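Please look over the sequence and the model shown here before reading on. The paragraphs that follow take up the meeting of the chains, then the core, and then a single residue.

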Amino acid sequence: MSAVATRPTTSHDRLRSNRLGLWLFFVTEVFMFGGLLVMRFRLWGNTRPDLDQTLGFIVTAILLASSFFMNRAEMAIAHDDRRNFIVSLTITGVLGVLFLVGVVGFEWRGHVRPGDGAYGAILYGMTGLHALHVLSGLVIIAMVGINGRQGRYSAHDHWPVEACALYWHLVDVVWVFLYPALYLVGVVVRH
Amino acid sequence: MSNEPAVAVQASKTAAFRRGVLTFLALAVLTIVELAVGTATGGSFALLYVIGLIKAALIVQSFMHVSSLWRGGSHG
């Protein structure tokens, strides 16, 4: 039997471990979306399909606004302001749904189809994988919202809220790189 | 004397809110610049990704509080 010196795990240690674990998961996400971006520049080069610029700008603005409200929700619960927490989290969820409607409901009904060679494959691959992340973020927001309504979080114990906020901001950061790659970089190719 | 902690909490909350608003405004301005650069320069990769990196850095530092990884403490 070996004697291993251990010290009691404090909530502070647990929080640091949780954060580190989540950020390591984010690194794997960066590799995945980074690979997609490399694929986009390899296959599209300095060209891009003729996408709706107004729609691209609107969905980008919606996602940025949702990040602002998610930050507001996190700050609210960190200060024990439950009402603001629930209101801000709900607005974040609504904006997330609007983003999904914009991309899946409108952009996917545009003239570029999934079978349109490299343009269709990259467009639907990138927006589809990102939309899947937004959808999973919305599920997490709903779960955190339900728990929040039941008063399970406080200023001193709200790691699930922090994790949910971090994940949502990651989804926003990914879109920050996807938006120029799909809508802005290169010259328009009409087909 | 007794309401000093409440005043401190309120001040911290106001500061956090102001930080969030400023970050959002900076992101909004950069996105408009991004759209202008994309349409005016014919989609310059270098310019657009410099703006993208600044936007990502703002979100990672101000909204995701990346420094709490090595500094610890609350996000609030």
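How many residue pairs are in polar contact between chain B and chain A? In this predicted model, the count between the two chains is 7 such pairs, with both residues at pLDDT 80 or more. On the side of chain B that touches chain A, the helices α1, α2 and α3 (68-71) of chain B each supply at least two residues, and the largest share, 14 residues, comes from α1(B). Sorted by character, the residues on that side of chain B divide into 20 nonpolar, 15 polar and 4 charged.

The count of salt bridges between chain B and chain A is 1, and in it the side chain of D81(A) meets that of K13(B), with 2.7 Å from N to O.

Taken as a whole, the meeting of the chains brings 39 residues of chain B into contact with 39 residues of chain A. Between them the two chains bury about 3300 Å², and 73% of this area lies on carbon and sulfur atoms. Within chain B, the residues that lose the most area to chain A are Y49(B), M64(B) and L69(B), which together account for 20% of what that side buries.

From the interface we can turn to the nonpolar core. In soluble globular proteins, nonpolar side chains tend to be buried together. Here the largest nonpolar core has 71 residues, and those with the most contacts inside it are F26(A), F85(A), F99(A), W175(A), I59(B) and M64(B). The elements that give two or more residues to this core are, in chain A, α1 (11-44), α2 (53-78), α3 (82-106), α4 (117-149) and α5 (159-184), together with α1 (4-40) and α2 (45-63) of chain B. The largest share of the core, 20 residues, comes from α5(A). M64(B) thus appears in both settings, as one of the residues with the most contacts inside the core and as one of those in chain B that lose the most area to chain A.

A last stop is V188(A), which has its place in strand β2 (residues 187-189) of chain A. Is V188(A) buried, partly exposed or exposed? V188(A) counts as partly exposed because its relative accessibility is 32%, a value between the limits of 20% and 50%. Leaving aside its neighbours within four places in sequence, V188(A) is in contact with R48(A), P49(A) and D50(A). As for P49(A), this residue and V188(A) are 139 residues apart in sequence, and in space they are 5.6 Å apart from C-alpha to C-alpha.

Technical notes: Residues are numbered from 1 along each chain as its sequence is written. Chains are lettered from A and ligands numbered from 1 in the order in which they are written. This is a predicted model: local features need pLDDT of at least 70, side-chain atom pairs count only at pLDDT 80 or more; totals for chains, interfaces and linings use all residues. Side-chain values use heavy atoms; hydrogens and water are left out. A nonpolar core is a set of buried Ala, Val, Leu, Ile, Met, Phe, Trp, Tyr and Cys residues joined through side-chain atoms within 4.5 Å. Buried means under 20% relative accessible area, exposed over 50%, partly exposed in between (1.4 Å probe, protein chains only). Helices (H or I, at least four residues) and strands (E, at least two) are DSSP runs, numbered from the N terminus. Contact means heavy atoms within 4.5 Å. Buried area is the accessible area (1.4 Å probe) that two parts lose on being put together, summed over both. A salt bridge is a side-chain nitrogen of Lys or Arg within 4 Å of a carboxyl oxygen of Asp or Glu. A polar contact is a pair of N or O atoms within 3.5 Å; within protein, one must be able to donate a hydrogen and the other to accept it, and residues adjacent in sequence count only if both atoms are side-chain atoms. Ala, Val, Leu, Ile, Met, Phe, Trp, Tyr, Cys and Pro count as nonpolar, Asp, Glu, Lys and Arg as charged, and the others, Gly among them, as polar.
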